[in-house]
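Biologist: I'd like a close look at one helix in this model, and at what sits around it. Could you walk me through it in plain terms?

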Amino acid sequence: ALREAKGQFRNNNFGTSAALYKRAVELTPNSAEAYVGLGASYDRLGRFDLSDRVYAALYDITGGTAQYYNNVGYSYMLRGSLSQALTSFRRAQALDPDNLVVANNIQILANAATAARA
């Protein structure tokens with residue numbers, strides 16, 4: 001289920017990937033990777049109520065890791081909550097200063113702020 005879910009996510013089939021990641025979570029309830037994918041799928045579907053629950057469960061499994069804060073930040077960014085997104089990205093950056101994904105997400109926010117001022 002996890003391998004198929006990843007493929008569906010890559011192909012932008014977020015409804016299908018959510019269903020498959022949900023199945024993966026049911027099969028392996030301590031799989032952080034399955035929770036990350038499920039939360040990201042729900043984010044892409046705009047189901048932030050569900051992704052919030054998934055991220056809360058992910059926190060219980062992994063704690064506040066850089067990946068956790070990065071994913072939560074991306075969720076906030078998709079919602080348009082840019083200050084909350086930046087706060088989460090900064091937490092991720094503090095935990096993993098060399099993480100290029102986090103640095104890229106911070107740059108996306110900076111570019112959006114620059115464009116908004118122009």
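**A close look at α3**

Modeller: Happy to. Ten of the 13 residues of α3 are buried, so this helix is largely enclosed by the rest of the structure. Bear in mind that this is a predicted model.

Let's start with the helix itself. α3 runs over 32–44, and its 13 residues reach 18 Å from the first C-alpha to the last, close to the 18 Å expected at 1.5 Å a residue. Just after α3 comes Gly46, with a positive phi of about 75°.

Now, which residues of α3 are buried? They are Ala34, Tyr35, Val36, Gly37, Leu38, Gly39, Ala40, Ser41, Tyr42 and Asp43. And what covers them? The cover includes α1 (2–10), α2, α4 and α5.

Two of those buried names, Leu38 and Tyr42, turn up again in the largest nonpolar core. That core has 26 residues, and Leu38, Tyr42, Leu58, Tyr68 and Phe89 are the ones with the most contacts inside it. The elements giving two or more residues to the core are α2 (14–27), α3 (32–44), α4 (48–62), α5 (66–79), α6 (82–95) and α7 (100–117). Take Tyr68 as a sample from the core: leaving aside neighbours within four places in sequence, Tyr68 is in contact with Tyr55, Leu58, Tyr59 and Gly63.

α3 also has a part in the largest pocket, which has a volume of about 220 Å³. The elements giving two or more residues to that pocket's lining are α3, α5 and α7. α5 gives the most, with five residues. The full lining is Phe9, Ala40, Asp43, Arg44, Tyr55, Gln67, Asn70, Asn71, Tyr74, Leu78, Val101 and Asn105. By type, the lining residues divide into six nonpolar, four polar and two charged. Ala40 and Asp43, both on the lining, are also among the buried residues of α3.

One last stop, away from α3: Ser88, which lies in helix α6. Is Ser88 buried or exposed? Ser88 is buried, since its relative accessible area is 5%, and the cut-off for buried is under 20%. Not counting residues up to four places away in sequence, Ser88 touches Tyr69, Val72, Gly73 and Tyr76.

So, back to where you came in: α3 is largely enclosed, gives two or more residues to the largest nonpolar core, and gives two or more to the lining of the largest pocket as well.

Note on methods
Residues are numbered from 1 along each chain as its sequence is written. This is a predicted model: local features need pLDDT of at least 70, side-chain atom pairs count only at pLDDT 80 or more; totals for chains, interfaces and linings use all residues. Side-chain values use heavy atoms; hydrogens and water are left out. A nonpolar core is a set of buried Ala, Val, Leu, Ile, Met, Phe, Trp, Tyr and Cys residues joined through side-chain atoms within 4.5 Å. Buried means under 20% relative accessible area, exposed over 50%, partly exposed in between (1.4 Å probe, protein chains only). Helices (H or I, at least four residues) and strands (E, at least two) are DSSP runs, numbered from the N terminus. Contact means heavy atoms within 4.5 Å. The expected span of a helix is 1.5 Å times one less than its number of residues. On a 1 Å grid over the protein atoms alone, a cavity is a set of points where a 1.4 Å probe fits but cannot get out, and a pocket is an open set with protein on both sides within 12 Å along at least five of seven lines; lining residues have an atom within 4 Å of a point. Grid points are joined across faces, edges and corners, and a volume is the space filled by probe spheres set on the points. Ala, Val, Leu, Ile, Met, Phe, Trp, Tyr, Cys and Pro count as nonpolar, Asp, Glu, Lys and Arg as charged, and the others, Gly among them, as polar.
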